[in-house]
Amino acid sequence: MAALRRTLSSSKFEQEGFMVPCASSCAIRVSPLQHQQQQQQQQHQQSCVVLSPVSAVVSQGFALFPLSLFRLGINNSSQGMADRAGKSSSRRSAWKRFPTVLGMCFIVGVLLGLLTPDNWTSSSSSSSDTAKSGQDLASSDFIEGIKVENVASSGEVANALEETSGIDSHINDMCKLASGLQYGVTKVLEPHKLLIVVTPTYNRAFQAYYLTRLAHTLKLVPPPFLWIVVEMGAQSLETASLLQQTGIMYRHLVCEKNLTNIKDRGIHQRNVALAHIEQHQLDGIVYFADDDNVYTLELFEELRQIRRFGTWLVGMLAHSKSRTVLEGPVCDGEKVIGWHTNEKSKRLRRFHVDMSGFAFNSTILWDPDRWHRPSLDPIRQLDTVKEGFQETTFIEQLVADESQMEGRPPGCSKVMVWHLHLETVSGLPYPSGWTMNSPLSANLPLQQDA
C-alpha cells in the first residue's frame, strides 16, 4: 500500500513538474515539461544577450568585469527560477521571467554605454569592420575624386591642390589637364560677331580663278560667316555651281539695273547687298571684298574687333604696274591721326581709304537711333560722283570724323590686303561652264621612235 502511494505521488509530481528523488540514483530527475521550460529559459537568456548592447563590447574583449556581473546575475536568476519552479505553475513563470531578464540586460547595456571610454570604441577593429572600412575608403576616394573634378571645373584646381597634402601627383596632373580642357572649350565656345562679306562679280576670263582663290581663303574663317555674292543681270550657272561646292554659307543675289556706264557696275551691286542687309536686319560687320584682291586671315580676325567703323592700310599695284601704292590711315594705337596716299589726284578726298580698306557695323544701316545718325535716309553708294570718290562719300554717311574710327590693327603698321589689278584684256572669251565641250587637238604630236 505504501509502495502504491509512492508511485501515485511520484507520477503526480512528475505531471506537475516537481523534482522527484530517484531511489536508485542520487541525480535529480527532471520531467519532460520541466526540461522544456529550462530550454525556454536558455533561449530567453540567449536572446537577451543578443539584444543587449553588451554583446558588441564583449565580442571585442572589453568590459570584462561588467560581463562577469551580468553572467552571475543570469546564473542566480536561473537557479532562483529553478527553485521556484516547484512552487508555481509553468504558464505563470514563462512570461514573468522574460521581462525581468530583458530589463536587466537593458540596464547593464545602458550603463556600459555611458561608462565605456571613447578611445576603446575608436581603437577597436575586427575583420568585418576592416572590410567595411575598406569599402568606405573606396567610396570616399570616389567622392573625393568627384570633389576634385568639381574644383577643376571652377578653374581653381591648381591652388587647391598645392594647399592640400597627401594627394598623389598623377591626380594633380589629371586635374590640371581637365582644367586646361575646360579653358579650351571656353575659348572655342566664345561668341563671335557675324562677318558679312560682300563680293560683286561678273563673267570674265579670270572669274573662276578669282572666286576660287577667295573661296579657299574664306573657308578658313571661323563661323559665323556669310558670303553675299552679287552678279549683274542673272545668276550664272558657273558662279552658282562654284558657290555650291565651297561649303560656305552664302547668298547669291542679282542686280537687275540697266547700266549705261559699266564702271558703275560695282556700285550698284554693293547697293543691292546693302539693301538686303537692311531689309533682313542682319547684325554683324560688313566688309566689301572684291574677288580680285588678296587677303590675309589676320584681316578677318581684326574685323571682329570692330565696334563701329574700322580702317587699315591697303597695298595697291599701280595701273602702270611699275610701283606700289600704300593708302590708308596713320594711327596712334587705335586712334586715327592722319592719312597717307601716293596718288596726287586723290588728295582732295575727305577720307583716303580704298574700298577694301574699311568695314563697319551693319546696325548703322537699319538702326539709326543706336548710332545717333542725323539723317534717316538709306546709306548707299553714289554713282553721281567722280571715279575715285565713291569711297569717301560713302564713309561720310557712316561716320562724322576720324574720332569715330578705329585703326586696325593698333598702330596701322601692317598691310593685310593687296589690290594687284591683274585684269586681262576686256572681251576675252572663256569656255562655257569653264569646261571644254570638245577635246583640244594636239598641235604638237609626240615623236615616235623609228
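**Salt bridges**

Arg-204 has a relative accessibility of 8% and therefore counts as buried, the cut-off being under 20%. In this predicted model, the side chain of Arg-204 meets that of Asp-291 in a salt bridge, with an N to O distance of 2.9 Å. The pair links distant parts of the chain, 87 residues apart. Arg-204 belongs to the loop between strand S3 (195–200) and helix H10 (207–218), and Asp-291 to the loop between strand S6 (285–288) and strand S7 (293–295). Asp-291 also counts as buried, its relative accessibility being 3%.

The structure contains ten salt bridges. Among them is the one between Glu-302 and Arg-408, whose closest N and O atoms lie 2.9 Å apart. Glu-302 is part of helix H13 (residues 297–303), whereas Arg-408 sits in the loop between strand S13 (406–407) and strand S14 (417–419), so this salt bridge ties together parts separated by 106 residues in sequence. Both Glu-302 and Arg-408 are buried, with Arg-408 at 5% relative accessibility.

Arg-408 also forms a salt bridge with Glu-334, in which the closest N and O atoms are 2.8 Å apart. Because Glu-334 lies in the loop between strand S10 (324–332) and strand S11 (335–340) and Arg-408 in the loop between S13 and S14, the pair ties together parts that are 74 residues apart in sequence. Glu-334 has a relative accessible area of 30% and is partly exposed, whereas Arg-408 is buried. Glu-302, Glu-334 and Arg-408 are linked with Arg-307 and Glu-406 in a network of salt bridges.

Conventions. Residues numbered from 1 in each chain as written. Predicted model: local features only at pLDDT ≥ 70, side-chain atom pairs only at ≥ 80, totals over all residues. Heavy atoms only, no water. Salt bridge = Lys/Arg side-chain N within 4 Å of Asp/Glu carboxyl O. Helix = DSSP H or I, 4+ residues; strand = E, 2+ residues; numbered from the N terminus. Buried < 20%, exposed > 50% of the residue type's maximum accessible area, 1.4 Å probe, protein only.
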